[in-house]
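Visitor: I am new to this structure and should be grateful for a close look at a single part of it. Please choose one residue and explain its surroundings step by step.

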Amino acid sequence: MPTTDQTGREVGIRINPSVLAADFVNMQAELARIATADFVHVDVMDNHFVPNLTFGRQMVERIQATSPVPLDVHLMISDPDRWAPGYAELGAASVTFHLEAATEPVALARRLRSIGARAGVAVKPATPVDGLFDLLDDFDQILVMTVEPGFGGQSFMPETMPKLRRLADEARRRGSSVWLQVDGGIGESTIAQAAEAGADTFVAGSAVFGADDPTNAIAGLRAAAKQHRV
């Protein structure tokens, strides 16, 4: 059974390597290298909501069929109200859409949950999180972007940590079990900052897929996060 704190919040660290940093030509082999991860983070970009294009449902379906760990799908797309449920229907364990792009975020989260996926909502670095305080129970995960969404390899933005800390404090105050995720520039040094601010779920790209031994890299990130977890 997972360990919980006095509020009932699960105490755990999740490391979700991002396939954005993987070798797309050898995707099946790349996925096998991260078998010790908790999830694989799959970035879907439409070249509209963000200025980059990755892939859509067909590629996600193939990743779903070959991945040794569950899928954590991050939709950086316009009109997620229309498209997000389709990714849940593929069997993704978690589907996260952007608050800035959704018309009815709570209704969409309920739809994702009804299909069987965890429902996540993401916010860009400049988007306030205060409006999510009363909606914590409507989401299973909140993703605080620590870079501008759209491209991998960006530098971690420490100025996003105060709002992550406010979100963590509010979740703790309310006894919420929502997972708090960070994505962007996460490595062994920056993961400590995010863990101290309250994150428990970490997306890492090149820090894992760029390592000679991804298993050791995942273990190192997990240990660093646990050491600094509030």
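Guide: T96 is buried, because its relative accessible area is 1%, and a residue counts as buried when that value is under 20%. The model is a predicted one. The place of T96 is in strand 6, which spans residues 94–98.

The surroundings of T96 may be described next. Leaving aside neighbours within four places in sequence, T96 is in contact with D72, V73, H74, L75, G120, V121, A122, Q141 and L143. With one of these, Q141, there is also a polar contact: the side chains of T96 and Q141 are joined at 3.3 Å. Q141 in turn has W179 as its bridge partner in strand 9. Strand 8 (residues 141–145) and strand 9 (residues 179–183) run parallel and are joined by five bridges.

These strands belong to a wider arrangement. An open sheet of eight strands, with parallel pairing, follows the order 3-10-9-8-7-6-5-4. Strand 3 (14–17) and strand 4 (40–45) stand at its edges; each has a single partner strand, so one side of each is left without a neighbour in the sheet. On average, neighbouring strands of this sheet are turned by 25° against each other, direction ignored.

Helices lie across the strands. Helix 3 lies across strand 4, strand 5 and strand 6, and runs at about 165° to strand 6. Helix 2 (residues 57–66) lies across strand 4 and strand 5 (71–76), at about 165° to strand 5.

Helix 4 (residues 105–115) also has a link with strand 6. The buried residues of helix 4 are P105, V106, L108, A109 and L112. Seen down the axis of helix 4, they fall within an arc of 160°, so they line one face of the helix. What covers these buried residues includes helix 3 (80–89), strand 6 (94–98) and strand 7 (118–123). On the other side of helix 4, R110 and S114 are exposed. Helix 4 is followed by G116, which has a positive phi, near 120°.

A word on confidence is also in order. The protein chain averages a pLDDT of 94, and 95% of the residues score at least 70. Over residues 1–10, however, the pLDDT is below 50; this stretch has 19 contacts in the model beyond near neighbours in sequence.

Note on methods. Residues numbered from 1 in each chain as written. Predicted model: local features only at pLDDT ≥ 70, side-chain atom pairs only at ≥ 80, totals over all residues. Heavy atoms only, no water. Buried < 20%, exposed > 50% of the residue type's maximum accessible area, 1.4 Å probe, protein only. Helix = DSSP H or I, 4+ residues; strand = E, 2+ residues; numbered from the N terminus. Arc of directions from axis to C-beta. Contact = heavy atoms within 4.5 Å. pLDDT = per-residue confidence, 0-100. Pairing = 2+ DSSP bridges. Axes fitted to C-alpha atoms, helices over the stretch in contact; angles between N-to-C directions. Polar contact = N/O pair within 3.5 Å; in protein donor to acceptor, adjacent residues only side chain to side chain.
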